[in-house]
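Colleague: I should be grateful for a close look at one part of this assembly, namely the place where two helices from separate chains pack against each other. Please set that part in the context of the chains around it.

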Amino acid sequence: MAGLATTFGSGAMTNSIEEIGQAQVILAVGSNTTEAHPQVARRIFAALDRGAKLIVVDPRRTRLAEHAHLHLALRPGTDIPLINAMMRVILDENLADDLFVEMRTENFLALRDMLFQMDLEAVAAITGVGLAAISAAAQIYARAQKAVICYCLGITQHICGTDNVQAIANLAMLAGQVEKEFTGVDPLRGQNNVQGACDMGALPGVFPSYQPVENQDHREKFERAWGVELPSRPGLTLLQMSHGGAGGPIRGLFVMGENPMLSDPALDKVRETLTGLDFLAVSDLFLTETAALADVVFPAASFAEKTGTFTSSERRVQMVRAAIPPFSGCRTDSDILMALSEAMGYRMDYDSPAEIMEEITLLAPIYGGMFHDRLERSWGLQWPCWNRNHPGTPFLHKYFFTRGRGRFMPGEHQGASEPVDADYPLILNTGRVYHHYHTGTMTRQCPALNRECPEAALEVNPEDAAALKLRTGELVRLASRRGEVTVRVLVSAQTPPGSVYTSFHFPETPINLLTTAARDPKAQCPEYKVCAVRLAKV
Amino acid sequence: MPDILTTCVYCGCGCGLYLREAEGRITGASPSRNHPVSQGNLCVKGWNIHQFIHHPDRLRQPLLRKDGELVPVSWEEALATTAWRLAEIKERAGGEALGFMASAKCTNEENYLAQKFTRAVLATNNIDHCARL
Amino acid sequence: MNDHLILKKDHTLSLLRRLMREHRLVAPLRNRHGDTLFSEVEDLAGAELDLEHQPQASLKPFLFPQQETMFRYRLDGEGGYRFEPPEPGRPLLFFGVRACDLSAVLYLDVIFSKRGRDPYYFARRRDSLLISLACNQPFANCFCNSAKTGPFLEYGFDLQLTDLGDRYLVEVGRARGAELVGRWRHFFTPAEEADRKAQYQALLESRSHFQRQVHLEQAIRRLQADEPLPEELWAGLSRRCQDCGGCAYVCPTCTCFTITDQQITATEGLRQRSWDACTFGGFTRLAGGHNPVDPGREAVRQRFLHKLLYDVREHGRPSCVGCGRCVGICFGGVDIVRFIDLVCEVRQ
């Protein structure tokens, strides 16, 4: 999300999900929307039924791509040159929104200079997409009155993830497709409360509401509120913590409802790190792969047993309400944290989650009006919501960007961290399937979902399958430089020749043994979408 | 008891769904018709969200590793051990040697407490969650 | 028997309160979030009875729950099992049921007694009372006029109420309704000729208020003709299906279920049955992985043909009651009305 923060000043969806149904053009980049965000896909289909045009940019022929007017099946990891070429077409065809660029943005000349120096033929060669298709996509997008871009982890889970996002933001600003209703740039968040966890400052560099820990004024505000001195140096990111190795900088770790032993890349390294810790505590619903390594495991309450709020992808803060009390023996994570804090000599005294939120409204300006009683009476409120009377904000950047002017951030193509070679000739791409969620801690326990999707499938293109003499249902050994798993083949034209695709939901097939820990230096997001692998029959 | 409106725990769409309770068990889930996102329907994960809640594999008691094995212990013992071990590492190696992985599945209030706990009690900014994954 | 009586609106709640002594009252309640759901009424004074909006689910979840415990099993320590069926609850009284939803219950009665009476369904259905409300004002997606299940009912109800302003015209349907009226005689007065005329007027007005033109009959005739529908029609619909199962779950007449056992402890467990949907790939997948139905091209075929063709063959009428609940909720926009329209287009 660093990419949108640099260009727009705020790393969140600029629209509401409902607005997507009203757009005239939808550009979906690196998003398997029908599987990962069904409610967004529903709005895309609604827009199509109203006559909207759909452009899908994805190496795979996803279900959404089957409905697209244009499907740009680019080579994995070549989003930047493709988007740059679209911008060049927009300039060449005089389709740029000059007034918008003039009034609302900065650093345009740097972008223009870069675009005029680029070689369009070379782009076609790098991306594998013809210039005619790129040109058509650019024109459809730029000519629309109201166009939205939806992107997802296909953009961010690359070594150049931040630059990918900035390229998308550049495109939207150049075409002036940002400021209005039904128009914007929408990163679709993968998890129910990933937005909220960021908003709450569960990040190494910022307090709640994105107030940097290095800023003395912000720090002093929190020191006054909490009555303790606070560290000023930004902390370690997730992968720095989970990939530090046996003698790494982290000696003691508390993991609350996460499962790095399945979700993080290069799992062997994660295991080495976690088993090398002096102390590991985990709270979760089930004995996950991570909890199995812990020194202490706390039984946590599920979402049906607690009250609080989640913040969705569209910045909507909504109530979670307990339908039953916590199971006997289980406690909510807030109760666990309060008890632990008290045991360590720091009193956290809250009667209810509503009281915790009251403290948040005091300290996090974008949540300034998010009182539980207001959320109770509405379908939630979209931040920023500055005070009790503020109605919330359905779409961002109206009249001005959060950072003032939008900043063009020109970027150029970067090769993947691990190109294919003779030993590892195929690209492995990983993602999600419709029936399961993340590490499957919850969904794998649902009989209905397990029946629909009982195990991982490795999608192999028919050409590659023919060359390797593989058929659907056969087991293969899939190996990268870091590890190997056995997985069942699904011959499918959805995946392009030269690459294979599977998901990471299944502990039986821990695909992240294979993935690379190489990551985007700015956002620290690992390159899940590209690593080199080879296949062999079992 | 009437059906309870809550928010789905899976993807980032944020559907409003009703949980149905019968004799202390959650036996069903259904979409809210007027909720701006769900608008009368859920995906298959949402419709079946009640199925994992009462799964027999749910943890019901804190576990503590003794002689290499995780064994059930009381809440008091689990909390005291955790507090003591974390404090000991902080004393010996400083807050920089401690870390916290918060969760995109937990509530805002819980994540707020997690970062407050990390910064104010563990004295470090080593807190992150799977936003990057 | 089709007596006509009058029940003043002022006295309706008092009557319901009396009936709640022996029944669990289920009625459309508007909750504080603004949604209207059929809910069990615990406190009649505190509940907001909402007869203006269509309840978002039908009566199906009360008679055939999304997940129900068939029995609890225990190992008895001597190598055998003990089975404990759930306790039956007090009989149900459904109030404010629209014609479509009541017609759906009549269909469920048939389905659940086809191969022997389903004990779980009839344990709840047997002593239940149905008080319906004739639809003076159809909702936006309604097409019961086309499905011939409404807006007013001719039979099937215990009592049918028609809103005449300050009073309801009450028609007595089945014996249980007559028994109710007989027992609480003082709540009712005989209807007059003017009341019957007012009801007829309301029916005519209601018929003119439907917003959708759905040619169900025409589609059925087209399906009954022996020429199959173009493959591309099915494939086009199936490509849009996102496998949520929502259409089957909200449908008041979809009754597919699956049975699972859930272990609770080493010696104890539950056998449960849960809603299923024929649109799911796993519904027809065989052991070994083969699926006789290609979900990519035929996902919705079984569902639509069952509703509009097989049930017509078997029972002489379609099992779509025109409640419109599945309209507009389909993620891919391929609900039954879209299908009916497409089928009618093929014919032309």
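Modeller: The answer below begins with the helix pair and then moves outward to the chains and their domains.

The model is a predicted one. The part in question is formed by helix α18 of chain A, residues 333–343, and helix α2 of chain B, residues 75–93. The axes of these two helices lie 9 Å apart and meet at an angle of about 55°. With that angle, α18(A) is oblique to α2(B). The crossing of α18(A) over α2(B) is right-handed.

On the chain A side, the contact is made by A:Ala339, A:Leu340 and A:Ala343. On the chain B side, the contributing residues of α2(B) are B:Leu79, B:Ala80, B:Thr82 and B:Ala83. By class, the contact of α18(A) with α2(B) comprises six nonpolar residues, one polar residue and no charged residue.

This helix pair can be placed within the interface of chains A and B. Across that interface, 113 residues of chain A are in contact with 86 residues of chain B. The element that gives the most to the chain A side is α18(A), with eight residues. The side of chain A that touches chain B divides into 69 nonpolar, 28 polar and 16 charged residues.

Chain A itself contains 22 helices and 21 strands. Its radius of gyration is 23 Å, close to the 24 Å that the globule rule gives for 538 residues, so chain A is as compact as a globular protein of that length. Taken along the principal axes, the C-alpha atoms of chain A fill a box of roughly 65 × 60 × 45 Å. The domain assignment divides chain A into domain 1 (2–189), domain 2 (194–352), domain 3 (353–392) and domain 4 (426–537). Between the C-alpha centres of domain 3 and domain 4 of chain A there are 41 Å.

Two local features of the chain A backbone also merit attention. A:Trp383 and A:Pro384 are joined by a cis peptide bond, with omega about 0°. A:Pro384 belongs to the loop between β14 (381–382) and β15 (406–407) of chain A. The other feature is A:Asn94, a residue other than glycine whose phi is positive, near 55°. A:Asn94 is placed in the loop between α6 (79–92) and α7 (98–104) of chain A.

Chain B, the partner in the helix pair, is assigned domain 1 (4–51), domain 2 (59–93) and domain 3 (95–133). The centres of domain 2 and domain 3 of chain B, taken over C-alpha atoms, are separated by 19 Å. Four residues of domain 2 and five residues of domain 3 take part in the contact of these two domains. On the domain 2 side, the residues are three nonpolar, no polar and one charged.

Chain B also touches chain C. Here 19 residues of chain B are in contact with 23 residues of chain C. On the chain B side, the elements that give two or more residues are β3 (25–31) and α1 (44–47). Of the elements on that side, β3(B) gives the most, with three residues. The side of chain B that touches chain C has seven nonpolar, nine polar and three charged residues.

Chain C completes this account. Chain C has 14 helices and 12 strands. Its radius of gyration is 22 Å, close to the 20 Å that the globule rule gives for 348 residues, so chain C is as compact as a globular protein of that length. The C-alpha trace of chain C spans about 70 × 65 × 40 Å along its principal axes.

The domain assignment of chain C gives domain 1 (4–57 + 90–207) and domain 2 (216–347), and the C-alpha centres of these domains are 28 Å apart. Their contact takes 17 residues from domain 1 and 15 residues from domain 2. On the domain 1 side, two or more residues come from α3 (99–111) and from α5 (144–147) of chain C. With eight residues, α3(C) gives the most to that side. By class, the domain 1 side has 12 nonpolar, four polar and one charged residues.

Chain C has a cis peptide bond from C:Gly150 to C:Pro151, with omega near 5°. C:Pro151 is found in the loop between α5 and β8 (159–163) of chain C.

Technical notes:
Residues numbered from 1 in each chain as written. Chains lettered and ligands numbered in written order. Predicted model: local features only at pLDDT ≥ 70, side-chain atom pairs only at ≥ 80, totals over all residues. Contact = placed C-beta atoms within 7 Å. Helix = DSSP H or I, 4+ residues; strand = E, 2+ residues; numbered from the N terminus. Nonpolar A, V, L, I, M, F, W, Y, C, P; charged D, E, K, R; others polar. Axes fitted to C-alpha atoms, helices over the stretch in contact; angles between N-to-C directions. Parallel < 35°, antiparallel > 145°, perpendicular 65-115°, else oblique. Left-handed = near helix turned anticlockwise from the far one by under 90°. Domains from an automatic or database assignment. Rg over C-alpha atoms; globule rule 2.2 N^0.38 Å.
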